[in-house]
Amino acid sequence: MSLLRRLQASSTLKSAIFLPSVFFVSFVTIYCAVFPQQAQTQLNFVKNILFNNFSWFYIFAGSIFFLFLFFLSVSRLGDIRLGSDTDEPEFSFASWIAMLFAAGMGIGLMYFGVAEPILHYLKPLHENLSESERMKEAMVTTFYHWGIHAWAIYAVIALALAYFGFRYKLPLTVRSGFYPLLKNRISGFWGNLIDVIALCSTIFGLSTTLGFGVMQVNAGFNSLGLIDSSEFSVLAIIVVSAMTLAVLSAISGVGKGVKILSEINLTLAGLLLVFVIISGPTLLLFSSLTENIGYYFSSLLEISFRTFAYEPENQGWLSGWTVLYWAWWASWAPFVGLFIAKISKGRTIREFILGVLFVPTLFNILWMTSFGGSAIWLDQQTAGTLAEVSGNTEQLLFTFFEQLPFGTIASAVAVLVISIFFITSADSGIFVLNSIASQGEANAPKWQSIFWGLLLTALALSLLYSGGLSSLQTMTLIIALPFTFIMLILCFGLWKGLMIDSQYFNKKFNEGSQYWGGKDWKERLEKIVNPTNKQDVRRFFIQVARPAFLELVDEFESYGLTAKINFTNEQNPKLEFEVIKENLRNFIYGIESTPRELSDLVIGDDNLPNLEANTIYEPITYFLDGREGYDVQYMTKEELIADVLKQYERFINLAMDNNHSLMTADVNNLE
């Protein structure tokens, strides 16, 4: 057997997803590489149209994601587990959080931890602000962009995929989130199209991230004096070296490579954070952290829906910052969401949401306060040293460290942290690409991880060489709009699935089954496999319910109580046993012939041959107080009498308690 055939035999790739995606990505990449200026002009034109007309949509969607997740976390649906009820989390809480950062925005914190607060401080959104107001606005705006809303965008798709993947046992891929809406059609054209869009978005996002990430690593090496060049050959060596380590980590398994690297990196990042706090204005940082948290959460609702509809002069800022971020997070959502879903099996929805939304957000606030607050303070103390290099975002972090003691060591640690984040992002990305292109199949062969690593490396190198990297970044942001719309649909599908889940697992046994014994089990089975129709319900009324009610009337009247039977022969016949009261509401135990529509799956099941119609009829109880009734078709006459007495005993106990008089009093006889 040839090598090609052996690879095909072991491959988990689905051609309907893999081939269109690779063809489209290759076409866009070649076009951006060969005609970078033309591509950039055309893509910018499209991006500006989308941003100018749909900025409100990005803002609205981001806030809906957060509110939707928050509601789930505080509702009873938050108790549902991502998997079977007995599943336990695969990773410890600390390892789980570490991997969230590695896949989500770890490298972004290093890149923008100093840069964004400084840029907002130097060019504030509003004019005529005092120094303290500029600092406060700079920090809160940064928290907004890197806080709850960013993680809500990730969490929505991650929760949908983890829920349907582990609870419904569907493939861990984007199409599975549409199962409540598309049902079996997720295996056809629409499911393939959804996964193609997700795969292309992931490849574009990873390629541009690798390209821009390598620039910051190179800036770090330049700052340390290890390299004094930004030539393509130097960038190529960095890309190849990092991707080689990423592939080695990927083929070791997500539970090994990413877990180990993430824990190491979170430790190093923590040490770097402590160093900045100690070396910077420590007291000021702790004081501002407290105020920053309060100011952020107190203004969260207002800024969440801020579109500057009444301040058109600021809408350009909105598109250049907030909308750009929201589009970027959305473009990364398939990648990050799938990875978070993979590592979250066994956690409850409440634990998942609180962990994904609030733990990273609070850490980000601490990080941005420490790095951004210290940077602004240092810029004030050094007469604008950081402001001078604000146009070179990659260099800002290392210029910041140069102003601190042991700055060279801190820069070296920062380069190491960025490099590891770089590797873990690529590692996680390779896993996600395999998952999407394989329609969620696990245990992809190692050669596929090597293939994705080579593809990402080739894309990044070709775009770095041609200068078309910014064009591909713009293409990524354009794809984010339709994917944001897809994520809103996912929320609807998730809600529908959770409601069905809650009803399914809270479904109680039929009330009549509590009386079951082994004596009449054959008769019980006969009724179960032969669902009742209208004639069966009438037969139940005549043979079971009416004789039971007649005996009850006689017995109640022997105690001086007034009881009677009511029968209504309507489209859905009703039979009632009623006890007349003077000051209380009458006691009514009624049975109604109630229709119920059957599931299409049940009707089409050849193993259920006795189902001949889409509708069955069941004898369902009802009560005067409006409580939900239940099916009594399996009860014998004696069991039905016992059930009526049970309900009457409840009625009398409630009537004797004065606390329930509003419900038990006869409102028709009030004086």
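Visitor: What joins strand 2 to strand 3, and through how many residues?

Guide: In this predicted model, a hairpin makes the connection from strand 2 to strand 3, and six residues form the link.

Visitor: How do you know that strand 2 and strand 3 pair?

Guide: Two strands count as paired if at least two bridges are found between them; strand 2 (residues 574–580) and strand 3 (residues 587–597) have six bridges in the antiparallel sense, and therefore they pair. Within this pairing, Phe 577 stands opposite Tyr 589 of strand 3.

Visitor: What makes strand 3 and strand 4 a pair?

Guide: The requirement is again at least two bridges, and nine bridges join strand 3 to strand 4 (residues 615–623), so these antiparallel strands are paired. One of the facing residues is Pro 595, whose bridge partner in strand 4 is Tyr 617. As for the protein chain, it has four strands along with 26 helices.

Visitor: Why is Thr 636 called partly exposed?

Guide: The term covers values between the buried limit, under 20%, and the exposed limit, over 50%; Thr 636 has a relative accessible area of 26%, and therefore counts as partly exposed. Thr 636 is placed in the loop between strand 4 and helix 25 (637–656). Its C-alpha atom is separated by 9.4 Å from that of Gln 543, although the two residues are 93 residues apart along the chain.

Visitor: Why is Asn 128 called exposed?

Guide: A residue is exposed when its relative accessible area is over 50%, and Asn 128, at 78%, passes that limit and so counts as exposed. Asn 128 belongs to the loop between helix 6 (115–122) and helix 7 (131–146).

Visitor: What is the phi of Asn 128 near, and what makes the value worth pointing out?

Guide: Phi of Asn 128 is near 60 degrees, which is a positive value in a residue other than glycine. Most residues other than glycine have a negative phi. Ala 383 also has a phi near 60 degrees, and this residue is found in the loop between helix 16 (349–381) and helix 17 (385–388). With a relative accessible area of 71%, set against the limit of over 50%, Ala 383 is therefore exposed.

Visitor: Which residues make the nonpolar surface patch, and which helix gives the most to it?

Guide: Phe 54, Trp 56, Phe 60, Leu 67, Leu 301 and Phe 305 make the patch, which comes to about 600 Å². Helix 3 (residues 36–74) gives the most, with four residues. Phe 60 lies in helix 3, and because its relative accessible area of 40% falls between 20% and 50%, Phe 60 is called partly exposed.

Visitor: How many residues does the largest nonpolar core have, and which have the most contacts inside it?

Guide: The largest nonpolar core has 173 residues, and those with the most contacts inside it are Phe 352, Phe 371, Phe 400, Phe 401 and Trp 452. Leaving aside neighbours within four places in sequence, Phe 352 is in contact with Leu 82, Trp 96, Ala 155, Ala 158, Leu 159, Ile 340 and Ser 344. Another core, of 27 residues, lies apart from the largest one, and Phe 540, Val 544, Tyr 589 and Ile 641 are among its members.

Visitor: What share of the residues of the protein chain counts as buried?

Guide: Of the 671 residues, 52% count as buried, a word kept for a relative accessible area under 20%.

How values were computed:
Residues numbered from 1 in each chain as written. Predicted model: local features only at pLDDT ≥ 70, side-chain atom pairs only at ≥ 80, totals over all residues. Heavy atoms only, no water. Core = buried A, V, L, I, M, F, W, Y, C linked by side-chain atoms within 4.5 Å. Buried < 20%, exposed > 50% of the residue type's maximum accessible area, 1.4 Å probe, protein only. Contact = heavy atoms within 4.5 Å. Patch = residues over 30% accessible without salt bridge, like charges linked within 9 Å, V, L, I, M, F, W, Y side chains within 5 Å. Areas by Shrake-Rupley, 256 points an atom, 1.4 Å probe, with all protein chains shown as cover. Salt bridge = Lys/Arg side-chain N within 4 Å of Asp/Glu carboxyl O. Helix = DSSP H or I, 4+ residues; strand = E, 2+ residues; numbered from the N terminus.
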